[in-house]
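Open your viewer, get comfortable, and let's take a walk through this protein together. At each stop you will find something to select and a few words on what is there.

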Amino acid sequence: MTQSSGYPAPRARPWRPTPAVGLSLLLHAAAVATLVASPGLWPWVIGGLAANHLLLSAAVLWPRGRILGPNLVRLPAAAAARNEVSLNFDDGPDPKVTPRVLDLLDRHQARASFFCIGEKAAAFPELVREIARRGHSVENHSHCHPYAFAFFGLARLRREVDAAQAAIAGVTGRAPEFFRAPAGFRSPLLDPVMAACGLRYVSWTRRGFDTVYGNADAVLQRLTRGLKPGDILLMHDGAPVVLAVLPALLDQLGARGLKSVTLPDACRDEPAA
């Protein structure tokens with residue numbers, strides 16, 4: 001498959017569990033061995049496993065954490081030194097909102113990364129191609145955007161990620177390099193899928209909650225409070241309020257000497273984790 005962006009297609013890499021995940025795997029193996037050797041200890045074994053799963057569940061609900069695997073929450077230091085930030089848009093493409101978002105970005109010569117849902121990319125291929133044609137990157141936000149994504153088993157996670165990779169690459173000719181889970185809730189089983197697909201997991205530095213709040217000023221304040229080089233700002237190109245937020249946000253970026261770039265461009269000097 002050719003890459004229209006000049007970046008190589010992501011390659012699978014060996015999976016190395018984080019210390020927390022590795023400890024969890026060891027705990028499960030020890031639990032099995034303990035039950036085989038001493039079945040009467042089952043209450044203690046079940047209690048230990050329950051505590052372990054409780055901690056993993058807490059990690060799922062911490063979108064910016066790194067307990068479950070590498071997580072890009074800010075751009076690399078080299079990008080920050082270039083006064084770069086990255087505007088990210090999730091859940092698209094939206095046939096009504098996305099074209100207007102593209103026009104606003106063009107007016108400010110800003111580039112962004114669009115985390116598209118695979119089904120929507122297949123439904124609106126010309127719009128996805130237009131995103132790429134204007135110099136933005138199209139990344140993976142799962143195929144169907146299931147809200148139970150974090151609770152899927154390994155095989156179903158892989159199907160969701162693979163299907164979106166195929167749908168987006170089939171439209172743009174470029175396989176996504178980055179992935180963000182639906183609602184930012186990351187499964188403890190997701191990291192080996194990321195490794196197998198050669199994808200990097202990304203969350204955000206700050207988000208505007210534009211799908212929750214309809215007040216443009218409130219969304220803008222959330223995105224710009226403490227804004228500095230290297231930030232990853234999360235919005236949604238299916239939220240109409242973003243059309244009121246984006247002009248002011250882009251003006252503020254310009255006033256602060258910040259430049260919005262795609263994630264692949266921001267990370268071009270940094271090897272994948």
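## Stop one: before the first helix

Start by selecting Arg16, which sits in the segment before helix 1. One thing to keep in mind as we go: this is a predicted model. Is Arg16 buried or exposed? With a relative accessible area of 60%, above the 50% cut-off, Arg16 is exposed. Now add Gly69 to your selection. Arg16 and Gly69 are 53 residues apart along the chain, and their C-alpha atoms are separated by 8.8 Å.

## Stop two: an exposed tryptophan

Next, select Trp42, which you will find in helix 2. Its relative accessibility is 52%, so Trp42 counts as exposed. Add Ala195 and draw a line from one C-alpha to the other: Trp42 and Ala195 are 35 Å apart in space, with their positions 153 residues apart in sequence.

## Stop three: the largest pocket

Stay with helix 2 for a moment and turn on a surface. What volume does the largest pocket have? The answer is about 430 Å³. To find its middle, select His53, Leu56, Ser187, Pro188 and Leu189, which are the closest to the centre among the 19 residues that line this pocket. Helix 1 (19-37) and helix 2 (42-60) are the elements that give two or more residues to the lining. Try colouring the lining of the largest pocket by class: you should see 13 nonpolar residues, 6 polar ones and no charged ones.

## Stop four: the cavity

Rolling a probe the size of a water molecule over the atoms shows where empty space is left. How many cavities of 30 Å³ or more does the count give? It comes to 1. The largest cavity has a volume of about 50 Å³. To see its walls, select Ala59, Trp62, Pro63, Gly65, Arg66, Ile67, Leu68, Asn71 and Arg186. Sorted by class, the lining of the largest cavity has 5 nonpolar, 2 polar and 2 charged residues.

## Stop five: a strand and its neighbours

Move on to Leu87, in strand 1. Leu87 has a relative accessible area of 0%, under the 20% cut-off, and is therefore buried. Which residues does Leu87 touch, not counting those up to four places away in sequence? Show the side chains and you will find Leu105, Ala112, Ser113, Leu233, Met235, Leu246, Leu249, Leu250, Leu253, Ser260 and Val261. Add Arg111 too: Leu87 and Arg111 are 24 residues apart in sequence and 7.5 Å apart in space, C-alpha to C-alpha.

Now follow the chain to Gly92 and Pro93. A cis peptide bond joins Gly92 and Pro93, with omega at about 5°. Pro93 itself is in the loop between strand 1 (84-92) and helix 4.

## Stop six: two helices side by side

Select residues 98-107, which form helix 4, and residues 125-133, which form helix 6. These helices pack at an angle of about 10°, with their axes 11 Å apart. Angles under 35 degrees count as roughly parallel, so helix 4 and helix 6 are roughly parallel to each other. Zoom in on where they meet: Thr98, Pro99 and Leu102 come from helix 4, while Leu127, Glu130 and Ile131 come from helix 6. By class, the residues of this contact divide into 4 nonpolar, 1 polar and 1 charged.

Then step to Ala110, in the loop between helix 4 and strand 2 (112-116). Ala110 is buried, with a relative accessible area of 4%. Leaving aside its neighbours within four places in sequence, Ala110 is in contact with Leu105, His136, Leu250 and Ser260. For a longer view, pick Arg159: Ala110 and Arg159 are 33 Å apart in space, C-alpha to C-alpha, and 49 residues apart in sequence.

## Stop seven: two positive phi angles

For the last stop, select Ala183, in the loop between strand 4 (178-179) and helix 8 (190-197). Ala183 is not a glycine, yet its phi is positive, near 60°. With a relative accessible area of 33%, Ala183 is partly exposed.

Finish at Phe209, in the loop between strand 6 (206-207) and helix 9 (216-224). Phe209 has a positive phi of about 55° although it is not a glycine. Is Phe209 buried or partly exposed? Its relative accessible area is 28%, so Phe209 is partly exposed.

Terms used:
Residues are numbered from 1 along each chain as its sequence is written. This is a predicted model: local features need pLDDT of at least 70, side-chain atom pairs count only at pLDDT 80 or more; totals for chains, interfaces and linings use all residues. Side-chain values use heavy atoms; hydrogens and water are left out. On a 1 Å grid over the protein atoms alone, a cavity is a set of points where a 1.4 Å probe fits but cannot get out, and a pocket is an open set with protein on both sides within 12 Å along at least five of seven lines; lining residues have an atom within 4 Å of a point. Grid points are joined across faces, edges and corners, and a volume is the space filled by probe spheres set on the points. Helices (H or I, at least four residues) and strands (E, at least two) are DSSP runs, numbered from the N terminus. Ala, Val, Leu, Ile, Met, Phe, Trp, Tyr, Cys and Pro count as nonpolar, Asp, Glu, Lys and Arg as charged, and the others, Gly among them, as polar. Axes are lines fitted to C-alpha atoms, for helices over the stretch in contact, and angles run from 0 to 180 degrees between N-to-C directions. Angles under 35 degrees count as roughly parallel, over 145 as roughly antiparallel, 65 to 115 as roughly perpendicular and the rest as oblique. Contact means heavy atoms within 4.5 Å. Buried means under 20% relative accessible area, exposed over 50%, partly exposed in between (1.4 Å probe, protein chains only).
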